[in-house]
Amino acid sequence: MVITPTYDPSLVALSIMVAGFASYTALDLGGRVALAQGPTLAQGPTHRIWLAAAALTMGGGIWSMHFVAMLAFELPMPVSYDVGLTVLSLVLAIIGTSGSFYVISSPGAWRPRLVLSGVFMGLGILAMHYTGMAAMRGPVELSYDPLWFALSVIIAIGAATAALWLAFGTTDPGQKLAAAIIMGVAISGMHYTGMRAAICTAPATTEVAPADATLDRTPLAVGIAGFVLVDLAALLASVAKRKRAAEALRQTQADLAHIQRVTAMGELAASITHEVMQPLGAGMNNAGAALRWLDGQPPNLDKAREALGRTVENGQRAAEIIGRIRALVKKEPPRKDALEVNEAVVEVIALTRGEVMKNNVSVQTKLADGLPLIQGDRVQLQQVILNLIINAVQAMSGVSEGSRGLLIGTGQDSGAVLVAVQDSGPGLKNPESFEHLFDSFYTTKPGGMGMGLSICRSIVEAHEGRIWATPNTGPGITVQFTLPIKDQAMASARPAV
């Protein structure tokens, strides 16, 4: 007699959730397998650790999903499960998933590895399912519909391959989540397709398996809960490790930016000295003039007062220059304040005046009036402008002095504030250099480290902007970056100086 089973909807939903949850955790851990791959397995012990963690998580997740679904599978007679075959189904799931992660993370052609890893993962799911079904003990006999059985094989291998393609073919978090969903569909879809293939019949006579050789629903549920808790612990550990890594990366980028900024200020030491000495020298001259006006017979108090007033102004100017230098060199956390781009540009031009004069560079500005304020870190954005000006001046050192021209402009572009630095240097001989100009450690300068423009890009992108370079119609190149106009900074700025 053919028996028609029923399903507990809540346990069915739980089984699908377990499959998706385990898939996300395992695929996240599996992504670390490739990152930890050494030249050989013996030289990459971390590779083996992540491989084992991913295989245990995925294999245990597949096994847990299957037996949660089997708890949802209700027959009109009691059933239990053979201990040996139940354990074997878990082992087969772990072996299949470990083979899949090993193949996908190994070097070699991408497509063959993807197909082979999908086959391993699909076979692991299939082997676990049908071994787990064979572990059923009770007054029921199982057979399978060939068509539905074949469909379960196609679903397991096809969906597993698609999930691995999404998970390992990109670093995009959205696609990794999609991969986990597809893998969960592969596991759940294969299971319930396989259950649709199962034909349960009650024989004329029944035999009950010995109690010590089988598991009933209670210890099975405890085992499933244990694997789910292991998956949860693995996911939390992975998330915590990723968070620490991201924080360490941000700190490293901040340290590199600070070092690069201090290095740039060191290169401008002569220019800075010149800028500071000008107001100090003028202040000393005005103070001397005031003393002479006071020593006169009779003392000329009006002239002395004027000279002392100019002395105070010169001192304030020197203090402002030193304040800007301190702000650029100090290591402080990023700030997001309302900022007028034109003022930031003018301040950096003042700091670089000595370097510009030393290299006989003619500087022109074309600053748009009434630009909206932006939200940003003044020091970081001035570092970007400082880098672009220094790079332009250095690029023009190899051309004749009469043709060294630097144009610094601002304006608006599609709801953003635009800053452009244009030089008349030799430009880039290789057009492909424009694609890599902002890559880390890529440089076109002899002796350059290739960090300045990379840091500039990091700063601009952290402000939700973009930076790029284009060749001029004449000599030289133009480097431009945009910064979005924020709603809280829409007030009009003061006219450019």
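In this predicted model, V83 is partly exposed, with a relative accessible area of 32%, and the residue belongs to helix α3, which covers residues 83-105. Together with V87, L88, V91 and I95, V83 makes a nonpolar patch of about 380 Å² on the surface. Residues enter such a patch if their relative accessible area is over 30%, so the value of 32% for V83 satisfies that part of the rule.

The patch is one detail of a chain of 497 residues, of which 45% count as buried. The chain contains 14 helices and 15 strands, and its exposed area comes to about 24,900 Å², with carbon and sulfur atoms supplying 63% of that area. Among the contacts in the chain with a separation of 6 or more, 79% are between residues that lie 24 or more positions apart.

One group of strands forms an open sheet of three members in the order β1-β7-β6, and the pairing within this sheet is antiparallel. Strands β1 (2-3) and β6 (141-144) stand at the edges, where each has a single partner strand, so one side of each is left without a neighbour in the sheet. The pairing of β1 with β7, a strand made of residues 198-201, is antiparallel and rests on two bridges. Within this pair, V2 has T201 of β7 as its bridge partner.

A further set of pairings involves strand β12, which spans residues 405-412 and is joined to strand β10 (residues 362-366) by five bridges, with the two strands running parallel. One of the residue pairs between these strands is formed by K366 and its bridge partner in β12, G409. Strand β12 is also joined to β13 (residues 416-423), in this case by seven bridges and with the strands running antiparallel. In this second pairing, I408 stands opposite V421 of β13. Strands β12 and β13 form a hairpin with three residues between the strands, and in this hairpin S414 takes a positive phi near 50°.

Residue V421 also appears in the surroundings of T478, a residue of strand β15, which consists of residues 477-484. T478 has a relative accessible area of 8% and is therefore buried, since the limit for that class is under 20%. When its neighbours within four places in sequence are left aside, T478 is in contact with A420, V421, Q422, W468, A469, T470 and N472. With N472, the contact includes a polar one between the two side chains, at 2.5 Å.

Another buried polar residue is Q382, whose relative accessibility is 5% and which lies in helix α12, formed by residues 378-395. The side chain of Q382 reaches the backbone oxygen of A344 at 3.3 Å. The C-alpha atoms of Q382 and V345 are separated by 7.1 Å, although these two residues are 37 residues apart along the chain.

Backbone geometry in the loops supplies a last group of details. The peptide bond that leads from Q297 to P298 is cis, with omega near 0°, and P298 is found in the loop between helices α8 (269-295) and α9 (301-329). N360, although it is not a glycine, has a positive phi of about 55°. The position of N360 is in the loop between α11 (353-358) and β10, and with a relative accessibility of 38% N360 counts as partly exposed. E464 likewise is not a glycine and has a positive phi, of about 65°. E464 is found in the loop that runs between α14 (452-462) and β14 (466-471), and its relative accessibility of 55% places E464 among the exposed residues, because that class begins over 50%.

Key:
Residues are numbered from 1 along each chain as its sequence is written. This is a predicted model: local features need pLDDT of at least 70, side-chain atom pairs count only at pLDDT 80 or more; totals for chains, interfaces and linings use all residues. Side-chain values use heavy atoms; hydrogens and water are left out. Patches are made of residues with over 30% relative accessible area and no salt bridge: like charges are joined within 9 Å, nonpolar side chains (Val, Leu, Ile, Met, Phe, Trp, Tyr) within 5 Å. Accessible areas come from the Shrake-Rupley method with a 1.4 Å probe; for residues, only the protein chains shown count as cover. A salt bridge is a side-chain nitrogen of Lys or Arg within 4 Å of a carboxyl oxygen of Asp or Glu. Helices (H or I, at least four residues) and strands (E, at least two) are DSSP runs, numbered from the N terminus. Buried means under 20% relative accessible area, exposed over 50%, partly exposed in between (1.4 Å probe, protein chains only). Two strands pair if DSSP finds at least two bridges between them. A polar contact is a pair of N or O atoms within 3.5 Å; within protein, one must be able to donate a hydrogen and the other to accept it, and residues adjacent in sequence count only if both atoms are side-chain atoms. Contact means heavy atoms within 4.5 Å.
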